[in-house]
Amino acid sequence: DPSRIEGMAVAVEDIASLKDPVGRVLDGWITQDDLKIEKVSIPIGVIGIIYESRPNVTSDTAALCFKSGNICILKGGKEAQYSHKIIAKILQDILEKNNKYLHKLKTDEFEIAIVGLENSGKSTFANALIENEVLPSASDRCTFTSTKLVFGGDEAVVKLYTKEEFNKIFISMLEDINYPDASSKSYDTLSISEFENYFESLKDSDSNLYNLHQGKTDEEIKDILKYAHKLELTGEIKKFSGDELLQEQFQSYIKGVKKDDIETDSSKPRSVKEIEIQSSRLDKLKNAIIYDVPGFDSPTKIHERQTLERLKKADAIIFITNVGDKPNITAPQLDTIRKDTDIDGIPLKDKLFVFGNKLDQAEEKDREKHRNILVREVVERYQMAEAKRVFSGSAKQYLYEKGKVKDFNSVFFL
């Protein structure tokens with residue numbers, strides 16, 4: 001009944017508008033010895049309530065207890081148990097979200113997501129921010145997992161998945177393609193041939209599902225199965241610092257180990273739950289948390305989810321595109337930024353900044369034209385941001401000028 005749901009929402013808003021009942025001085029006096037005594041309202045502590053099958057009591061009681069600083073234990077009638085649980089879950093989610101915002105207000109924390117199409121140079125842009133070529137910036141695909149950049153002491157922390165955490169993700173991938181009895185499967189026991197036989201059968205049994213995941217989820221699952229024996233699912237934390245950040249031992253956790261021109265051993269980056277790189281060069285962004293996420297047009301379904309999740313949580317989005325030889329924006333993935341909203345209903349495009357990277361790759365006589373094309377695409381064609389939020393340049397050139405890149409080939413220097 002929509003009217004009853006609306007009534008519950010109005011009741012919660014009414015409770016929220018009440019004066020704070022905690023910390024009120026109810027009475028007070030001064031003794032003959034000039035001792036000031038006050039009677040002040042405080043939370044009771046824990047309040048338990050048993051009530052009939054009335055879902056509105058769940059929301060009313062939870063709101064009253066939250067307002068008065070109390071913990072509540074509720075037991076509603078079994079006839080409405082599912083409604084009770086859903087309402088409680090909604091309120092818990094709101095509380096968690098509010099705690100996150102309170103933390104951000106207290107610490108002045110600010111989340112920035114760096115996104116873009118693959119090979120647009122977004123990792124190079126992140127390197128320019130920290131003035132260190134730590135993140136791989138090869139022309140081929142090199143970002144397998146989200147990387148977190150924060151102000152700190154020039155070191156990196158790599159957190160690995162446990163077997164249980166990784167298998168939970170693996171099972172969710174199988175469930176995406178309706179794999180039979182997916183919840184009982186494991187990355188280290190399912191064979192590639194078993195998986196391939198099932199996925200090929202989807203051509204006839206469910207062609208829409210096959211077409212949706214073909215070349216994405218199927219390739220990712222096969223890659224996991226191929227290197228399952230090499231996954232490092234220990235749950236441990238590894239630390240690297242100084243020159244170690246530029247060496248293969250650390251770099252392999254970001255981009256994998258290239259076996260030849262075609263194949264990359266992705267076991268290490270797939271084992272990574274989170275990478276945090278601390279840099280003293282972020283001294284002007286001490287409270288910022290910057291995420292370099294996988295490419296917007298990554299062929300991997302899990303990367304699509306990672307990117308969308310990060311966009312919805314970010315306070316600002318920096319979209320990187322190649323303005324050097326591709327000033328036009330044509331990717332359908334941009335619809336996510338143009339049409340979607342964050343977890344609070346704020347349009348993603350309202351948080352967007354655009355950086356046209358690799359401008360140095362355009363001939364000098366064409367650079368201004370490329371800049372103008374990018375502005376026209378962003379502002380007029382796609383209506384994603386105002387012109388004052390669109391910038392162009394070369395992250396690689398900046399690193400070169402800072403002495404962080406030795407082999408820099410650009411028409412700018414010819």
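This is a short walk through the cores, one enclosed helix and a few single residues of this structure. Keep in mind that the model is predicted.

Let's start inside. The largest nonpolar core has 30 residues. Which of them touch the most other members? They are Leu-149, Val-158, Phe-250, Ile-275 and Ile-277. Many elements feed this core. On the strand side, S5 (110-116), S7 (155-160), S11 (272-279), S12 (288-292) and S13 (316-322) each supply at least two residues. So do three helices: H4 (122-130), H9 (248-255) and H14 (395-401). The largest share comes from H4, with four residues. Apart from this core lies another one, of 24 residues. Val-150, Leu-311, Ile-337 and Val-390 are among its members.

Now take Phe-250. Set aside the neighbours within four places in sequence. Phe-250 is then in contact with Val-134, Ala-156, Val-158, Phe-240, Glu-244, Leu-245, Ile-275 and Ile-277. Val-158, Ile-275 and Ile-277 came up a moment ago, as core residues that touch the most other members.

Next, Gln-251, in helix H9. Buried or exposed? Its relative accessibility is 7%, so Gln-251 counts as buried; the cut-off is under 20%. Again leave out neighbours within four places in sequence. Gln-251 is in contact with Val-134, Pro-136, Leu-245, Leu-246 and Gly-256. Val-134 and Leu-245 are also on the contact list of Phe-250.

On to helix H8, residues 217-226. Why call this helix largely enclosed by the rest of the structure? Because eight of its 10 residues are buried. Some of those buried residues carry nonpolar side chains, namely Ile-221, Ile-224 and Leu-225. Thr-217, Asp-218, Glu-220, Lys-222 and Asp-223 are buried as well.

Now a residue with some exposure. Ser-172 sits in helix H5, which spans residues 163-176. Its relative accessible area is 26%, so Ser-172 is partly exposed. A polar atom of the Ser-172 side chain lies 2.5 Å from the backbone oxygen of Ile-169. How far is Ser-172 from Ala-156? In sequence, 16 residues; in space, 29 Å, C-alpha to C-alpha. Ala-156, you may recall, is in contact with Phe-250.

Last, the surface. Val-25, Val-40 and Ile-42 make a nonpolar patch of about 280 Å². Val-25 belongs to strand S1, residues 25-30.

How values were computed: Residues are numbered from 1 along each chain as its sequence is written. This is a predicted model: local features need pLDDT of at least 70, side-chain atom pairs count only at pLDDT 80 or more; totals for chains, interfaces and linings use all residues. Side-chain values use heavy atoms; hydrogens and water are left out. Buried means under 20% relative accessible area, exposed over 50%, partly exposed in between (1.4 Å probe, protein chains only). A polar contact is a pair of N or O atoms within 3.5 Å; within protein, one must be able to donate a hydrogen and the other to accept it, and residues adjacent in sequence count only if both atoms are side-chain atoms. Patches are made of residues with over 30% relative accessible area and no salt bridge: like charges are joined within 9 Å, nonpolar side chains (Val, Leu, Ile, Met, Phe, Trp, Tyr) within 5 Å. Accessible areas come from the Shrake-Rupley method with a 1.4 Å probe; for residues, only the protein chains shown count as cover. A salt bridge is a side-chain nitrogen of Lys or Arg within 4 Å of a carboxyl oxygen of Asp or Glu. A nonpolar core is a set of buried Ala, Val, Leu, Ile, Met, Phe, Trp, Tyr and Cys residues joined through side-chain atoms within 4.5 Å. Contact means heavy atoms within 4.5 Å.
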